[in-house]
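Reader: Could you take me through this one? I would like to start with the overall fold and then look at particular residues.

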Amino acid sequence: MMPSFFPEHDLFKRIDDAVARFEFAYLRDLVVPGEGLRERQILHRCEDFEVIRILWGSNSAPPLHGHGGSDCWIKVLSGELTEKTFLPHSTKLLSRVTLGPGQTSTISDIEAFHSIHASDFAVSLHVYRTPL
């Protein structure tokens, strides 16, 4: 289910359709990134949103970040990701959660920034409302 910051019905339907197309075909063209690396693949992009598949190598973690005002929805397809959320423009920790296959998370720059860590190989889908 899409988060509350995706309220428009038509936009929600278009995002849901795009995610459904890629969710079950995530192993196609799979190349495992090396340790500490990740690979971002744009699967769909339009003026309203984009869907990105991220392949996470073991021990990969981008730095603490926001999304430039874009709202983000994440779904783990394989492996586990640990997400830490922080007050925007701060290092004050708000939460820490480990997400497994099928689990989702949402983030909006208004509420929090985040960092994500993969201990082992993982695959996730990310939907950004307003492409990055």
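Author: What follows goes from the overall make-up to the sheet, the cores and one loop residue. Please keep in mind that this is a predicted model.

Reader: How many helices and strands are there in the protein?

Author: The protein has one helix and eight strands. Along the sequence, the pattern reads α-β-β-β-β-β-β-β-β.

Reader: What is the strand order in the open sheet?

Author: The open sheet has five strands in the order β1-β2-β8-β3-β6, and the pairing is antiparallel. At its edges are β1 (38-45) and β6 (104-107), each of which pairs on one side only. From one strand to the next, the twist averages 20°.

Reader: How many bridges join β2 to β8?

Author: Eight bridges join these two antiparallel strands, β2 and β8. In one of these pairings, glutamate 50 has tyrosine 128 in β8 as its bridge partner.

Reader: Turning to the interior, which residues of the largest nonpolar core touch the most other members?

Author: That core has 14 residues, and Trp56, Cys72, Leu81, Ile116, Ala118 and Ala122 touch the most other members. At least two residues of this core come from each of β2 (49-56), β3 (71-78) and β8 (122-129). Another core, of eight residues, lies apart from it and includes Phe49, Val51, Trp73 and Val123.

Reader: Where is alanine 118 found?

Author: Alanine 118 is in the loop between β7 (113-117) and β8.

Reader: And is alanine 118 buried or exposed?

Author: Alanine 118 counts as buried because its relative accessibility is 0%, and the cut-off for buried is under 20%.

Reader: Which residues does alanine 118 touch, not counting those up to four places away in sequence?

Author: Alanine 118 touches Trp56, Gly57, Ser58, Asn59, Ser60, Glu80 and Leu81. Of these contacts, serine 58 is 60 residues away from alanine 118 in sequence, yet their C-alpha atoms are 5.9 Å apart in space.

Reader: What share of contacts in the protein join residues at least 24 apart?

Author: Among contacts between residues at least 6 apart in sequence, 71% join residues at least 24 apart.

Reader: Last topic: what percentage of the protein's residues are buried, and what area does the protein expose?

Author: Buried residues make up 44% of the 132 residues. The protein exposes about 7,000 Å², and carbon and sulfur atoms supply 53% of that area.

Conventions
Residues are numbered from 1 along each chain as its sequence is written. This is a predicted model: local features need pLDDT of at least 70, side-chain atom pairs count only at pLDDT 80 or more; totals for chains, interfaces and linings use all residues. Side-chain values use heavy atoms; hydrogens and water are left out. A nonpolar core is a set of buried Ala, Val, Leu, Ile, Met, Phe, Trp, Tyr and Cys residues joined through side-chain atoms within 4.5 Å. Buried means under 20% relative accessible area, exposed over 50%, partly exposed in between (1.4 Å probe, protein chains only). Helices (H or I, at least four residues) and strands (E, at least two) are DSSP runs, numbered from the N terminus. Contact means heavy atoms within 4.5 Å. Accessible areas come from the Shrake-Rupley method with a 1.4 Å probe; for residues, only the protein chains shown count as cover. Two strands pair if DSSP finds at least two bridges between them. Axes are lines fitted to C-alpha atoms, for helices over the stretch in contact, and angles run from 0 to 180 degrees between N-to-C directions.
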